[in-house]
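Work through the following exercises with the sequence and the structure side by side, and try each task before reading its solution.

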Amino acid sequence: MLTLRELAEGEAGIVRRIALQGAIRRRVLDLGLIEGTKVVCLRKAPSGDPVIYFFRGTMIALRRADCGSIFVEGE
Amino acid sequence: MSVRTVALCGNPNVGKSTLFNALTGQNQHTGNWPGKTVELAQGSYEYKGKAYELVDLPGTYSLASSSKEEEVAAQFIELGEAVCTVVVCDATCLERTLHLALQVLSLTQRVVVCVNLMNEARREGIELDIAALQRELGVLTVATSADAREGIAALCEAVRTVCDGFAPPRKREESLPDAEQNARRIALRAEQIAGAVTVNGADAKRKFTQKLDAVLLHRRFGYLVMLLLLMAVFWLTIAGANYPSMGLQWCFDRLGDLLWRGARALGLPTILCRALLDGVYATVGRVVSVMLPPMAIFFPLFTVLEDFGYLPRVAFLLDHPYQRAGACGKQSLTACMGFGCNCVGVIGCRIIDSPRERFIAILTNAFVPCNGRFPGLIFLITMSGFSSFLGAGMLTACVVLAVLMTLLASKLLSKTLLKGESSSFILELPPYRRPRIGQILLRSLRERTGIVLLRALVWAAPAGLIIWLLANIELSGMNLLQHAAQILNSPAMLIGLNGAVLLAFILGSPANELVLPILMIILTHSSGFIAGDSAAMREILLQNGWTWQLSLCTIVFFLFHWPCTTTLMTIKKETRSRKWTAWGFLLPTAFGIVLCALLAGLLRLL
């Protein structure tokens, strides 16, 4: 299984497991990023961090460090 | 007649504030960035003979109380403060905004769901079945386009119905005891509802936004584009502000002459006339004519970028450096607000969730030059004879330096006083929206320019009197200003300034836009403000042995010194601590002193 940070720009994946802890975990879940959500990696910042993802009709920027704890399955 | 309290809640960027304005007529600021509304704005309106008090809850994504705003919103709804809660959803992004609606529905049934931005959704080819949505949710649901004032009457009617005691037939959305399970349930339920009521879906990838992002957030050119945009804003401000400034000063001078004549005709005592006209009136006139034109250009331009949706992109581009400084990427947003006014920036720091990072953002906000300092900086840069284009470049360099110092100060703070690592960061990037130029002009003039100007005036009037007194009380052949400047001369020399400049900074503490006018008074030994445009000011400086080295140090000190008194009071209010307020004063001051001393030493070596 991949993590979200391993998705290249334009690649998509289905969320399988969220291994984040604490406040960020709640926030991510509140955004509707749950198991089974399709996530597209849209664009990386010039430094490669943060990264814009597209899911549930919205563009959300997440930091690479957090993305490493979100496991996805390639489409 | 009892007043019916109605709460208004919704995600950031759903046009909640526009709706609030449309209902209450009270113009409150609306912005296209997440978490803008931080204080509970209230407004009232009447509908069919009943009075309604509308409370604008902070824009939140959820009621899970992980941030200050969410806590406020959740408490307000849970405690049943309102007879009716209006949840605003975004028609262009329904599924996403239904999350909050479903959360609210699990707390109370006295809800009206308002699907806003319908006109924008139509433009994007999105079609929603509002009747089906009402059936799914089981509460009254209305469609609105607040900016075009569409559907406002229907919304008022729905609110009235709920306040009159209409009870929805369906039971409330269930709430699972486990918060995580609940979040999952809500996500799935929102997906199901949105799927059921969407007749025509959005162009999922939002082509226009994608194309524009490809340029504005480009790997290599993103930063360059950002700098160019910033430069363009400054260039327009500098190039456009000069003539209106001169015109205004001319008007104030003529009016001053008339007032003098009037006062003489009335036979008022000369000393009183001089204190009021040479002191208070001249200061006020000076502040208005120096400040108003740049602000009237800068704020609308800035609001255009904000309304357009560019500012969250700035946060996206700049998150990495802020993260490395142990701070939050959203700090770049509060810094952006700081360009307008540091008080606004300090208040805006509430959008930062982690208290540690919020304090860093508050303490370093004064590192970016506010609008009160811009005219002074612009004058000091242009007096060196640069063209407006080169001048804009120099000003941009100042801003870049300010941002670098912000990062350095943030890094220092997160290594010492506010130890810690950068926490998580989630930022929503709204789709680009066509800025509403008419509204922007009105809004930025009335709300930003108006408020800042009013505040400056409140300070300028008494400061004018005090300065006049200092300039007119003589001791052994010199007025008090001269004495003070002389005393300050040797410490000022250490940091490459002179006594007069340092004294102007000290006396200008109430409002930074006073610094240069005060300096003119001190240098000319005059008893009051002297009329004159920037060419005359330049002449005065040159006559007093002004050098480019002195200019350079003054520019640096202008960028980094203590925040104005209003900002300090705001810091006190936001941190609720004297200690942190003191740090808010000391930090930029220390930076200014060190930088100026280094620069002065370097210049002496050359």
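**Exercise 1.** Find the residue that follows helix 23 of chain B and state the sign of its phi.

Solution. Helix 23 of chain B is followed by B:Arg576, which has a positive phi near 50°; helices (H or I, at least four residues) and strands (E, at least two) are DSSP runs, numbered from the N terminus. The model is predicted, local features need pLDDT of at least 70, side-chain atom pairs count only at pLDDT 80 or more, and totals for chains, interfaces and linings use all residues. Residues are numbered from 1 along each chain as its sequence is written, while chains are lettered from A and ligands numbered from 1 in the order in which they are written.

**Exercise 2.** List residues of helix 23 of chain B that are buried.

Solution. A residue is buried if 20 or more other C-beta atoms, placed from the backbone, lie within 10 Å of its own. In helix 23 (residues 565-575) of chain B, the buried residues include B:Leu568, B:Ile571 and B:Glu574.

**Exercise 3.** Describe how strand 2 and strand 3 of chain B are joined.

Solution. Two strands pair if DSSP finds at least two bridges between them. Here seven bridges join strand 2 (residues 41-47) of chain B to strand 3 (residues 50-56) of chain B, and the two run antiparallel. Within this pairing, B:Tyr47 stands opposite B:Lys50. The two strands form a hairpin with two residues between them, and B:Lys48 in the turn has a positive phi of about 45°.

Note on methods
A residue is buried if 20 or more other C-beta atoms lie within 10 Å of its own, exposed if 12 or fewer, and partly exposed in between; C-beta atoms are placed from the backbone.
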